[in-house]
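Reader: I would like a close look at one part of this protein, the nonpolar patch on its surface, and then at how that part sits beside the rest of the chain. Please take it step by step.

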Amino acid sequence: MRNFILFVRRFFNLILFLTLEIICFVLIARTNTLQGNALLSSANTIAGIVYQKREDVVYYFGLKRMNDSLINENIRLRIALAQTQGVDTLKDSSVQRKITLDNDTTHIVRFANYVYRNARVVNNSVTSENNYITINRGSNQGIKRHMAVISSTGVVGEVINVSNNFASILSVLNVKRKLSARLKDGTMGSVMWDDGKPDVLILEDIPKELKVYRGDSVFTTSYSFFPPGILIGTVDRMRINKKNNIQVLYLKSATNFRNLQYVYVIENTLLDERRELQDSTKKAK
Amino acid sequence: MSDYLKNFLRFCIIILIQVLVLNKITLRWWSQPAGFPVFIPYIYPLFILLLPFETPVWLLLLCGFATGLTMDTFMNTAGIHACATVLIAYLRTNVLSALLPKHLSEYPNQSPGVKNMGWVPFLTYCAFLILIHHSIFFTVELWNFSNIGYLLLKIIASTATSLLFILAYLLLFTKQTALKS
């Protein structure tokens, strides 16, 4: 026993050092399983308040740009609205509705029910391997984990941590997850992030034979937790992987992650039910 | 002002500068076609580097852990900053005693600085520990050795940038009259 105490006293610093490092690695490992820990994320109250104060100052410098993006979004929404409203019901006996939305062959989403909530971005990063965004809405305002987040121009990410008044979002700019995506003609693929460059995304698994042009749009699918048909990005350049003859598309992301100010958090009220069903089907096998 | 208060204030100032200003600056060394990764300069290890000479190792370790965890909270990295900072806190005493001519206990009530170490030893000390910090940080963050060139580029570039910002901090926040003497 005496020897043991002497040993501890002699190597106290080394032991303390190793203990702290082990704690760090446990924390890192726990986060990498994507469970997330609410305490050590910028969704906690102190970090949230500090970021909120900073955002209050920075806010005014982006007003002009934000105005422009909101007006553009208004125009887009008005066009979409006009397509569904401008229907001449008196023309024929049967109601003719010509809705020129994307041809959508999946049926689950027809019955999905989306609730939109707006939120202000109080913190944002584009430089790490996994980038997180903090918004000023939390469980008090009805935000829950796994909700989808979009901006006025395109996808942003997924809510992964919620406190009372703040929430952190794992943005699309991360190396952990892929996002299901489709091209205009319905070809599915998965989008990942080309790390290091905050406005380039990569769409993989596209067959070589498929003709893709620069500027083609890439949308979300209903396979993911996003509503279908939300713009992910536009094709910037194409490359064919010689090894396996698969086409890789480099996308210019639709959202400008550098100056994100307002986002919409989307709640799919039927998502839990769908998840439950999918999980139980998996288990039943 | 007591040493504790002074270091606590310095901790607050450095963390606030890091979180409120530097985290908002995304730098790249040359423009997009080359595809160079963007990064932000980290000056918060400076808090560990500037603690007084006599600080015992266990206190250094705890300070490093606290600093790292604070940064982790703000940047959502859960332990990566803490891991790197604890390592440099552990190595600090050895590096200092290798660089200084006298034993560490012969510098009572002093902190490492340009004034009592001279420019070259102090910069070596900073550069070495910052390099270790950044190597550990980016390696653990990327956790993937398939792209070693990218990793090395990122480490070297951000070490250089962080050192520039640390120099700027030192020139701004130390007494200039004392430096000239």
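Author: Helices, as the word is used here, are DSSP runs of H or I with at least four residues, numbered from the N terminus. The model is a predicted one, and the patch you ask about has an area of about 980 Å². Its members are A:Met1, A:Phe4, A:Ile5, A:Phe7, A:Phe11, A:Leu14, A:Ile15, A:Leu18, A:Ile22 and A:Val26. Two helices of chain A, α1 (2-10) and α2 (12-32), each supply at least two of these residues, and the largest share, five residues, comes from α2(A).

A:Val26 is one of the patch residues and has its place in helix α2 of chain A. Residues join a patch if their relative accessible area is over 30% and they have no salt bridge. For A:Val26 the relative accessible area is 45%, and therefore this residue counts as partly exposed, since that term covers the range between buried, under 20%, and exposed, over 50%.

To set the patch against the whole chain, chain A exposes about 16600 Å², of which carbon and sulfur atoms supply 56%. Of its 285 residues, 44% count as buried. The chain has five helices and 12 strands, and among contacts between residues at least 6 apart in sequence, 61% join residues at least 24 apart.

The strands bring us to two barrels. One is closed by six strands of chain A in the order β1-β2-β5-β4-β3-β12, with antiparallel pairing, and the twist there averages 45° from one strand to the next. Within this barrel, β1 (residues 114-124) and β2 (residues 132-135) of chain A pair in the antiparallel sense over three bridges, and A:Val121 has A:Ile135 in β2(A) as its bridge partner. Helix α3 (residues 45-58) of chain A packs on the sheet, where it touches β1 and β2 of chain A, and its direction makes about 85° with that of β1(A).

The other barrel is likewise closed by six strands of chain A with antiparallel pairing, here in the order β6-β7-β8-β11-β10-β9, and its twist averages 40° from one strand to the next. In this barrel, β10 (residues 231-241) and β11 (residues 246-253) of chain A pair in the antiparallel sense over eight bridges, and one of the bridge partnerships joins A:Ile240 to A:Gln247 of β11(A).

Note on methods
Residues are numbered from 1 along each chain as its sequence is written. Chains are lettered from A and ligands numbered from 1 in the order in which they are written. This is a predicted model: local features need pLDDT of at least 70, side-chain atom pairs count only at pLDDT 80 or more; totals for chains, interfaces and linings use all residues. Side-chain values use heavy atoms; hydrogens and water are left out. Patches are made of residues with over 30% relative accessible area and no salt bridge: like charges are joined within 9 Å, nonpolar side chains (Val, Leu, Ile, Met, Phe, Trp, Tyr) within 5 Å. Accessible areas come from the Shrake-Rupley method with a 1.4 Å probe; for residues, only the protein chains shown count as cover. A salt bridge is a side-chain nitrogen of Lys or Arg within 4 Å of a carboxyl oxygen of Asp or Glu. Buried means under 20% relative accessible area, exposed over 50%, partly exposed in between (1.4 Å probe, protein chains only). Contact means heavy atoms within 4.5 Å. Two strands pair if DSSP finds at least two bridges between them. Axes are lines fitted to C-alpha atoms, for helices over the stretch in contact, and angles run from 0 to 180 degrees between N-to-C directions.
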